[in-house]
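Q: I am new to this structure and would like a close look at a single part of it. Please choose one strand and describe carefully what surrounds it.

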Amino acid sequence: MELITYKSSNIEEIKQLFTKVFSDSEGQTEGVLIGNLTYDLMTGTDAKDLYGFVVTENEQIIGCIFFSKLTFQNGVNAFLLSPVAIHTSYQGKGIGQKLISFGINQLRENGAKIVFTYGDPDFYSKVGFIQINEKIAKAPWNLTQPEGWLGQSLVSDEIEPIAGNSSCVEAFNKPEYW
């Protein structure tokens, strides 16, 4: 198993991975939605605003994660972890946690101060995320599941409140993702 930065030559393989994983777990409509999101992230986001990592086994991509720039008015160096997928037959083996930890360490080494995600608190708490509310940091869109707004400081034990609004990269500027 190898953890590496994704390559643009793998865009179609990555899109297919996300489409299949989310179709398997959430249905075909969600699979297509998330597959298209990953494609839009990879093809429409400035390289300085996107980090993507894959986990491979026998030169096959079995997992992928993306972190995209989350801009706050005060300029804090923040990123949004989303989406992440592990091939269905490899789930439940800790690979997702390893991939998330690897990505977060890469962000930390590149000067990121905080990472947010919008997902299952039970899963993401295993890799250091805590539930936050919008008094701590505003999400870029109205959240349909506010309990899923999570954060992790990369520089201290606590998340200091961030005043003002946030904005995400263009690929996430659709209410169906929130």
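A: A residue is called buried here when its relative accessible area is under 20%, and strands are DSSP runs of at least two residues, numbered from the N terminus. The model is a predicted one, and the part chosen for this close look is strand E3, which covers residues 60-72. Of the 13 residues in strand E3, 11 are buried, so the strand is largely enclosed by the rest of the structure.

The strands that pair with E3 come next. Strand E2, made of residues 50-57, runs antiparallel to E3 and is joined to it by 8 bridges. Within this pairing Leu50 stands opposite Ser68 of E3, while Thr56 has Ile61 of E3 as its bridge partner. The hairpin of E2 and E3 has 2 residues between the strands, and in it Asn58 takes a positive phi near 55°. Strand E2 is itself largely enclosed by the rest of the structure, because 6 of its 8 residues are buried. Strand E2 also pairs with strand E1, residues 2-5, in the antiparallel sense over 4 bridges, and there the bridge partner of Leu3 is Val55 in E2.

Strand E4, residues 78-86, is likewise antiparallel to E3, and 7 bridges join the two. In this pairing Cys64 stands opposite Ala85 of E4. The hairpin that E3 forms with E4 has 5 residues between the strands, and Gly75 takes a positive phi near 85° in it. A further antiparallel pairing, of 3 bridges, joins E3 to strand E8, residues 166-168, where Phe72 stands opposite Ser166.

Cys64 raises the matter of disulfides, and a search of the whole structure finds 0 of them. The cysteine sulfur closest to that of Cys64 belongs to Cys168 and is 18 Å away, which is too far for a bond, since a disulfide requires two cysteine sulfur atoms within 2.5 Å. Seen from the other side, the sulfur of Cys168 has that of Cys64 as its closest cysteine sulfur, again at 18 Å and too far for a bond. Cys64 is buried at 0% relative accessibility, and Cys168, with a relative accessible area of 10%, is buried as well.

A loop residue also touches this region. Asp49 is found in the loop between helix H2 (28-44) and E2, and with 18% relative accessibility it counts as buried. Leaving aside residues up to four places away in sequence, Asp49 touches Phe67, Ser68, Lys69, Phe79 and Val169. The side chain of Asp49 is also joined to that of Lys48 by a polar contact of 3.4 Å.

The wider setting of E3 includes a nonpolar core, the largest in the structure, with 37 residues; those with the most contacts inside it are Ile14, Phe66, Phe116, Trp149, Phe172 and Trp178. Two or more residues of this core come from each of helix H1 (11-26), H2, E2, E3, E4 and strand E5 (114-118), and H1 gives the largest share, 6 residues. Apart from this core lies another one, of 21 residues, which includes Val55, Ile86, Ile95 and Leu107.

Aromatic rings complete the picture, with a count of 15 aromatic pairs. One of these pairs is formed by Phe72 and Phe116, and it is tilted, with 5.6 Å from centre to centre and 45° between the planes. This pair links distant parts of the chain, as Phe72 is in strand E3 and Phe116 in strand E5, 44 residues apart. Phe72 is buried, its relative accessible area being 3%, and Phe116 counts as buried at 0% relative accessibility. Trp149 and Trp178 form an edge-to-face pair, with 6.4 Å centre to centre and 65° between the planes. Because Trp149 lies in strand E7 (residues 149-153) and Trp178 in the segment after E8, the pair ties together parts that are 29 residues apart in sequence. Both Trp149 and Trp178 are buried. These four residues belong to one aromatic cluster, formed by Phe72, Phe116, Tyr118, Trp149, Phe172, Tyr177 and Trp178, and through Phe72 the cluster includes a residue of strand E3.

Conventions:
Residues are numbered from 1 along each chain as its sequence is written. This is a predicted model: local features need pLDDT of at least 70, side-chain atom pairs count only at pLDDT 80 or more; totals for chains, interfaces and linings use all residues. Side-chain values use heavy atoms; hydrogens and water are left out. Buried means under 20% relative accessible area, exposed over 50%, partly exposed in between (1.4 Å probe, protein chains only). Two strands pair if DSSP finds at least two bridges between them. A polar contact is a pair of N or O atoms within 3.5 Å; within protein, one must be able to donate a hydrogen and the other to accept it, and residues adjacent in sequence count only if both atoms are side-chain atoms. Contact means heavy atoms within 4.5 Å. A nonpolar core is a set of buried Ala, Val, Leu, Ile, Met, Phe, Trp, Tyr and Cys residues joined through side-chain atoms within 4.5 Å. Rings of Phe, Tyr and Trp (its six-membered ring) pair if their centres lie within 6.5 Å; planes under 30 degrees apart count as stacked, over 60 as edge-to-face and the rest as tilted.
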